[in-house]
Amino acid sequence: VSQLHKITFRFYYSHVAVHHNWKIFVKDHQAIIDALKGKNKKKFFQLMRKHMERNRKTVKEYYETFNI
């Protein structure tokens, strides 16, 4: 059941990301990885907050678009 949940979540999330500009999500992830590699804690948390806010807005817009 746990594995099925993970697969379902990935499918759902990828659909939402594709519906919007997925290149921004990839750029966010790379910047977060770079901050981790550089051990820049302040930058990491700043980027994570920005990324999570973007995700929240994206999911909200997705649901509103399809009246879900």
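Is phenylalanine 45 buried, partly exposed or exposed? At 40% relative accessibility, phenylalanine 45 counts as partly exposed, because the buried class ends under 20% and the exposed class begins over 50%. The report below places this residue within the rest of the structure, which is a predicted model.

**Overall architecture**

The protein contains three helices and zero strands, and its elements follow the order α-α-α from the N terminus. Of the 68 residues in the protein, 18% are buried. The exposed surface amounts to about 5,800 Å², of which carbon and sulfur atoms supply 63%. Among contacts between residues at least 6 apart in sequence, 60% join residues at least 24 apart.

Confidence varies along the chain. The mean pLDDT is 81, and 72% of the residues reach 70 or more. Helix 1 (residues 2–19) has the lowest mean pLDDT among the elements, at 66, whereas helix 2 has the highest, at 91.

**Helix 3**

Helix 3 comprises 25 residues (residues 41–65), and at 1.5 Å a residue it should span 36 Å. Its end C-alpha atoms are 36 Å apart, which agrees with that expectation.

The buried residues of helix 3 are Phe44, Leu47, His51, Asn55, Thr58 and Tyr62. The spacing of such a list can be read against the general geometry of the helix. An α-helix has 3.6 residues a turn, so residues three or four places apart point the same way.

Phenylalanine 44 belongs to helix 3. Apart from its neighbours within four places in sequence, phenylalanine 44 is in contact with Ile32, Ala35 and Leu36. Phenylalanine 44 also takes part in the one aromatic pair that the structure holds. Its partner is phenylalanine 45: the ring centres are 5.1 Å apart and the planes stand at 70 degrees, so the pair is edge-to-face. An angle over 60 degrees is what places a pair in that class.

Methionine 48 also lies in helix 3, and with a relative accessible area of 25% it is partly exposed. Two C-alpha separations relate residues of helix 3 to residues earlier in the chain, as follows.

| Residue in helix 3 | Earlier residue | Separation in sequence | C-alpha to C-alpha distance |
|---|---|---|---|
| Phenylalanine 44 | Isoleucine 33 | eleven residues | 8.3 Å |
| Methionine 48 | Alanine 31 | 17 residues | 9.5 Å |

Threonine 58 is a further residue of helix 3. At 7% relative accessibility, threonine 58 counts as buried, because this value falls under the 20% limit. A polar atom of the threonine 58 side chain lies 2.8 Å from the backbone oxygen of arginine 54.

**Positive phi angles on either side of helix 3**

Which residue has a positive phi of about 55 degrees although it is not a glycine? That residue is lysine 39, located in the loop between helix 2 (22–37) and helix 3. Most residues other than glycine have a negative phi. Lysine 39 is exposed, with a relative accessible area of 75%, because the exposed class covers values over 50%.

Beyond the other end, just after helix 3, asparagine 67 takes a positive phi of about 50 degrees.

Technical notes. Residues numbered from 1 in each chain as written. Predicted model: local features only at pLDDT ≥ 70, side-chain atom pairs only at ≥ 80, totals over all residues. Heavy atoms only, no water. Helix = DSSP H or I, 4+ residues; strand = E, 2+ residues; numbered from the N terminus. Expected span 1.5 Å × (residues − 1). Buried < 20%, exposed > 50% of the residue type's maximum accessible area, 1.4 Å probe, protein only. Contact = heavy atoms within 4.5 Å. Areas by Shrake-Rupley, 256 points an atom, 1.4 Å probe, with all protein chains shown as cover. pLDDT = per-residue confidence, 0-100. Polar contact = N/O pair within 3.5 Å; in protein donor to acceptor, adjacent residues only side chain to side chain. Phe/Tyr/Trp six-rings, centres within 6.5 Å; stacked < 30°, edge-to-face > 60°.
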